[in-house]
Amino acid sequence: MLPERIKLETAARKNPFIKKSEDITYAKRELNDWLVEHIDPSDLSEKYLVVLQTTHTHIHFSDNVSREVLSESKKSSDFEKLEKEFNERADRWEKESSIHSSPGEKFIHKDYLRIIGKGEQVVPLILKRLKTSKKDWLFALENIISEDENPAKGIENFKGAVMAWLEWGNKKYHSIA
Amino acid sequence: MRCLEIEDYLENLGSHDYDQDDTSPQTEDYNCIAYAIVGITNKPWWPSDRRKDDYEWPSHLPREEYLKETLENFIQAFGTKGYRVCGNGKLKKGIEKVAIYTISGVPKHAARQLETGVWTSKCGDYEDIKHYTLPPTEGKNYGKVTVFLHRRRDGKPFLKDKILLIVKKLLGR
């Protein structure tokens, strides 16, 4: 008998809905129906969490046979879009704001404000940029992350604040690519 | 040599003569105010009330909120290096002049006059440029020149300041 994991992977690969559908709800419903038809729930009785990676799609199974499809392909594509937009705005901000000596003028640039407006989802991207850029991305972080959580609170110099944020980022996001 | 990048942001610069030769490289290490007050240095000058260690500012002068900086504060800061308000930017032998640019009264930029009469500006994080007159650097980003300051190039105080100093000593202040 095939081990449970291999069996599931094989089943998932054969499932046509994973590859075709971009609609998470639809894919989830179709996948559930398909699994009920093709897999005996008793096969999944052990407390078990399998993350099956098939064409960027992760499927989580647990012992009570609750099945959840998280469309990582959709998430991944959303993140790629976000990263692309972030990089375009960040590059433009770094270039255009450089004409100013006034820090306030740098920070009211439309792209910088739009980046802040995207909230916590852009924090890993800002931290990644902070590793190589000498521009002041700290103001954006200070305005996205709550004051209580600000790891650079009270640090009055750029280098020290950058180190504190990167350390905080490594803990919070495990690693910053 | 021209710098098209700077011309993109100083909309009146392109149609005038200016020079980017023999200048400092792009750097965030100092800004136009530092460059006007003390020349090339390793710290920007700004009355920033945030990350105070990164911005030089005379300790007895107030730190101010972004975009609410006051011209008076800048005049006082230049004053610590011997600058006093004067009426114009005309070249005068032995005198160094500075022009402060503002938008709605808020300082945005400063340029310093060289002995030749040419002005020199550090354009934010970009390189410094030499411009023959002030209007080419005025515009949407730096606003207009609203005040001129001057000091003696030999570092000595003006006669008026000498007299004030003597009076203060006599009064025991």
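Let me start with two helices of chain A in this predicted model. Helix H7, residues 123-130 of chain A, and helix H9, residues 158-173 of chain A, have axes that come within 10 Å and cross at roughly 135 degrees. Angles over 145 would count as roughly antiparallel, so H7(A) is oblique to H9(A). The crossing of H7(A) and H9(A) is left-handed.

Which residues meet there? From H7(A) we have A:Pro124, A:Leu127 and A:Leu130, and they face A:Val162, A:Trp165, A:Leu166, A:Gly169 and A:Tyr173 in H9(A). By class, this contact of H7(A) with H9(A) has 7 nonpolar residues, 1 polar and no charged.

Now to chain B, and strand S7, residues 144-152 of chain B. S7(B) pairs in the antiparallel sense with strand S2, residues 84-86 of chain B, over 3 bridges. S7(B) also pairs with strand S3, residues 95-103 of chain B, again in the antiparallel sense, over 8 bridges. One residue to look at in S7(B) is B:Phe148. On the S2 pairing, B:Phe148 is the bridge partner of B:Cys86. On the S3 pairing, B:Phe148 stands opposite B:Ala99.

Last, the contact between the chains. How many residues does each chain give? Chain B gives 21 residues and chain A gives 15 residues. On the side of chain B that touches chain A, the elements giving two or more residues are helix H2 (32-38) and strand S4 (106-113) of chain B. That side of chain B divides into 9 nonpolar, 5 polar and 7 charged residues. Charged residues are thus listed on this side of chain B, whereas the contact of H7(A) with H9(A) has no charged residues.

Methods:
Residues numbered from 1 in each chain as written. Chains lettered and ligands numbered in written order. Predicted model: local features only at pLDDT ≥ 70, side-chain atom pairs only at ≥ 80, totals over all residues. Pairing = 2+ DSSP bridges. Helix = DSSP H or I, 4+ residues; strand = E, 2+ residues; numbered from the N terminus. Contact = placed C-beta atoms within 7 Å. Nonpolar A, V, L, I, M, F, W, Y, C, P; charged D, E, K, R; others polar. Axes fitted to C-alpha atoms, helices over the stretch in contact; angles between N-to-C directions. Parallel < 35°, antiparallel > 145°, perpendicular 65-115°, else oblique. Left-handed = near helix turned anticlockwise from the far one by under 90°.
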